[in-house]
Amino acid sequence: MNPPLPNRPLKVTLPKAQSRLSAFFLFLGAMVLAGGIGWLAVPGLVADWPLVGNAEPATQARFVSGRCKGKLVLHFCDITYDRRGPSGVVREESHIGFFEFHVGSRSVRLMQLKGDPSRVASDIALDMYWNRLVTAGLFIALFGGGGLALLGQALRGKVDPNARFRSLSGRLLQPVPVDLHGVESQDKTTWTWRYQPRGNGPALAPSFTQVLPVGTFPFVLDGEARTALAVTDAAGKEIMLLDMPLSMVDLTDAERGALHAWRENVAAPGLSAA
């Protein structure tokens, strides 16, 4: 008994490869993050560099407020202080980020460049200077490098692994039983299935690979998942696996139900119910 496929052209809907446009927007987002981190971190690092190893307690600055927030080992501190200068009191802020294993409160002392009370920084900023430099460099490299990789992907375009099967869309499809050879490769989002149509002669039938989302199984016909149902057109050049939910071809609910009923009743060794 043949599978009850409808005698009409069927639209094929396969998972789409990531578009160039989405990769480009991800690139922009990564570069904005890298630029934002640089904008927040680099000016403070440049301003504090002369004080590293050359600082003394500040004589014309007063601590106003400070707050540190930690996420596991990543800490961010915002410190506000007033500095007295020739034109009056100036309020300045310092924003720093660094890696450290620390639990509890912190104390802050204001420091100045030796002999120059106009150059002020906190002792935390100076003690963590090299840590801050590495932290900023790490995040800028992470987001900047990721952004450049996404830009390269946007310029190249991602190869559609299922492009060969899209030509079957809009055609009259015929059922083809295939032997499954299992998942050839996988990543976080996809499984690549290898399969081969059953040959009726001595010639070895060509094998195919098809990428399905993780957790999506072919329309298997036996309990051992060794046999599955695929479709092809009149030419028979491309053979596409059907998925278990039958979502890749535009079948009606009644047509899907008929195929599942056929699967349950077909005479195949070890057949299990869907």
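Here are a few notes on the disulfide and on helix 4 of this predicted model.

1. Let's start with the sulfur chemistry. The structure has one disulfide, and the partners are C68 and C77, with their sulfur atoms 2.0 Å apart.

2. On handedness, the torsion about the S-S bond of C68 and C77 comes out at about 110 degrees, so you're looking at a right-handed disulfide.

3. The two cysteines sit in unlike surroundings as far as accessibility goes. C77 has 0% relative accessibility and therefore counts as buried. C68, at 35%, falls in the partly exposed class, because that class lies between the 20% cut-off for buried and the 50% cut-off for exposed.

4. Now to helix 4, which runs over residues 253-265 and has 13 residues. From first C-alpha to last, helix 4 reaches 18 Å, close to the 18 Å expected at 1.5 Å a residue.

5. Which residues of helix 4 are buried? They are E255, L259, W262 and R263. These buried residues cover an arc of only 100 degrees around the axis, which means they lie on the same side of helix 4. If you're checking this in a viewer, note that the buried set includes E255 and R263 as well as L259 and W262.

6. Flip to the other side of helix 4 and you'll find D253, A254 and N265, which are exposed.

7. As for what lies over the buried residues of helix 4, the cover includes strand 12, residues 227-232. That's a handy place to look when you view the buried side, with E255, L259, W262 and R263, against the strand.

Methods. Residues numbered from 1 in each chain as written. Predicted model: local features only at pLDDT ≥ 70, side-chain atom pairs only at ≥ 80, totals over all residues. Heavy atoms only, no water. Disulfide = S-S within 2.5 Å. Buried < 20%, exposed > 50% of the residue type's maximum accessible area, 1.4 Å probe, protein only. Helix = DSSP H or I, 4+ residues; strand = E, 2+ residues; numbered from the N terminus. Expected span 1.5 Å × (residues − 1). Arc of directions from axis to C-beta. Contact = heavy atoms within 4.5 Å.
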